[in-house]
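Hi everyone, thanks for making time for this one. I'd like to walk you through a protein model, so please have the viewer open and follow along.

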Amino acid sequence: MKTGVIFISALLLAVSSCRADSKPPAMEAIGYSINGRFIVRLASKVQVFMLDDEEKNYRLVSEFASDSGGAPLKALISDDGSYVVTLDGFGMGRGNDVVVAYKRDGTKLKSWRLDEILTKEDFAAVPRSVSSDWWRQEALIAYSPPQLIVTGPNDQIATTKKRYWYQLDLTTLIWTKGR
């Protein structure tokens, strides 16, 4: 009897510490430059479109295979169309390609794992589930020179008092932590 109670208590403790995904991360299939001149689309390949002012339509200017281990969940493009960034190539926050920077033609510049971006303290504060590290709330490319800005962690998954933002200079490929 005592063994059964200990077993059930241990089982309940283990189950309560696991977090299943009730809502897996959603893919955002289309990203826009802030000025609206460029669109990046996630399909079987990453597709880059540029606004043709005369035609008042977008035309395909580049198409390339993502270097991610899986399908990225989000893609962004700089205002001048020079840089494309994909986020979360193998589940949210997992794998060697959490962030991948490319030139518009698909030339890979660099990829980063989550532990290469976040400080140890911020990494420890990220809410985790079975398939995802919910490290980001928002991401955008802004400014000149182009900067990827990422805020987190995702507060829709778990409440945490810890907040952060990181900035990647796409011309130097150097991450800095915001204040």
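**A walk through the model**

Let's begin at glutamine 147, which is buried, with a relative accessible area of 8%. Remember as we go that this is a predicted model. Glutamine 147 sits in strand β10, which covers residues 147–152. Which side chain does glutamine 147 meet in a polar contact? That would be glutamine 167, and the contact is 2.9 Å. Leaving out residues up to four places away in sequence, glutamine 147 touches Leu140, Ile141 and Ala142, and also Gln167, Leu168 and Asp169. Strand β9 spans 138–142 and β11 spans 164–169, if you want to colour those while you are there.

Now let's zoom out to the whole chain. The protein chain has three helices and 12 strands. Of its 179 residues, 40% count as buried. The chain exposes about 10300 Å², and 55% of that comes from carbon and sulfur atoms. If you take contacts between residues at least 6 apart in sequence, 41% of them join residues at least 24 apart.

A word on confidence, since I know this group will ask. The average pLDDT of the chain is 85, and 84% of the residues score at least 70. Over residues 9–19, though, the pLDDT is below 50, and beyond near neighbours in sequence this stretch has six contacts in the model. Where pLDDT is low, the predicted coordinates should not be read in detail.

On to the interior. In soluble globular proteins, nonpolar side chains tend to be buried together. Here the largest nonpolar core holds 26 residues, and the members that touch the most others are Val99, Trp112, Leu118, Trp135, Leu148 and Trp175. Which elements give two or more residues to this core? They are β6 (83–87), β7 (99–103), α2 (114–117), β9, β10 and β11. Apart from that core lies another, of 12 residues, including Phe38, Val48, Ile77 and Tyr102.

Keep Tyr102 on screen, please, because aromatic pairs come next. A search of the whole structure finds three aromatic pairs, and I'll show you two of them. In one, the rings of phenylalanine 64 and tyrosine 102 have their centres 4.9 Å apart and their planes at 45 degrees; the pair counts as tilted because that angle falls between 30 and 60 degrees. Phenylalanine 64 belongs to strand β4 (residues 57–64) and tyrosine 102 to strand β7, so the pair ties together parts that are 38 residues apart in sequence. Both of these residues, phenylalanine 64 and tyrosine 102, are buried.

The other pair is tryptophan 112 with tryptophan 175, and this one is edge-to-face, at 5.8 Å centre to centre with 90 degrees between the planes. Tryptophan 112 is in strand β8 (residues 108–112) and tryptophan 175 in strand β12 (residues 174–177), so the pair links distant parts of the chain, 63 residues apart. Tryptophan 112 and tryptophan 175 are both buried.

Let's go back to strand β4, where we also find serine 62. Is serine 62 buried or exposed? Serine 62 counts as buried, because its relative accessibility is 8% and the cut-off for buried is under 20%. A polar atom of the serine 62 side chain lies 2.6 Å from the backbone oxygen of arginine 104. Beyond its neighbours within four places in sequence, serine 62 is in contact with Val46, Gln47 and Val48, and with Arg104, Asp105 and Gly106.

That last residue, glycine 106, is in the loop between β7 and β8. Not counting residues up to four places away in sequence, glycine 106 touches Ser62 and Phe64. The C-alpha atoms of glycine 106 and serine 66 are separated by 8.0 Å, with their positions 40 residues apart along the chain.

Finally, some backbone geometry. The peptide bond from serine 144 to proline 145 is cis, with omega near 0 degrees, and proline 145 is in the loop between β9 and β10. Another cis peptide bond joins glycine 152 and proline 153, with omega about -10 degrees; proline 153 is in the loop between β10 and β11.

What about phi? Tyrosine 143 is not a glycine, yet has a positive phi of about 75 degrees. Tyrosine 143 is in the loop between β9 and β10, and counts as exposed at 62% relative accessibility. Leucine 173, also not a glycine, has a positive phi of about 60 degrees and lies in the loop between β11 and β12.

Thanks for listening, and I'm happy to go back to any view.

Technical notes: Residues numbered from 1 in each chain as written. Predicted model: local features only at pLDDT ≥ 70, side-chain atom pairs only at ≥ 80, totals over all residues. Heavy atoms only, no water. Helix = DSSP H or I, 4+ residues; strand = E, 2+ residues; numbered from the N terminus. Buried < 20%, exposed > 50% of the residue type's maximum accessible area, 1.4 Å probe, protein only. Contact = heavy atoms within 4.5 Å. Areas by Shrake-Rupley, 256 points an atom, 1.4 Å probe, with all protein chains shown as cover. pLDDT = per-residue confidence, 0-100. Polar contact = N/O pair within 3.5 Å; in protein donor to acceptor, adjacent residues only side chain to side chain. Core = buried A, V, L, I, M, F, W, Y, C linked by side-chain atoms within 4.5 Å. Phe/Tyr/Trp six-rings, centres within 6.5 Å; stacked < 30°, edge-to-face > 60°.
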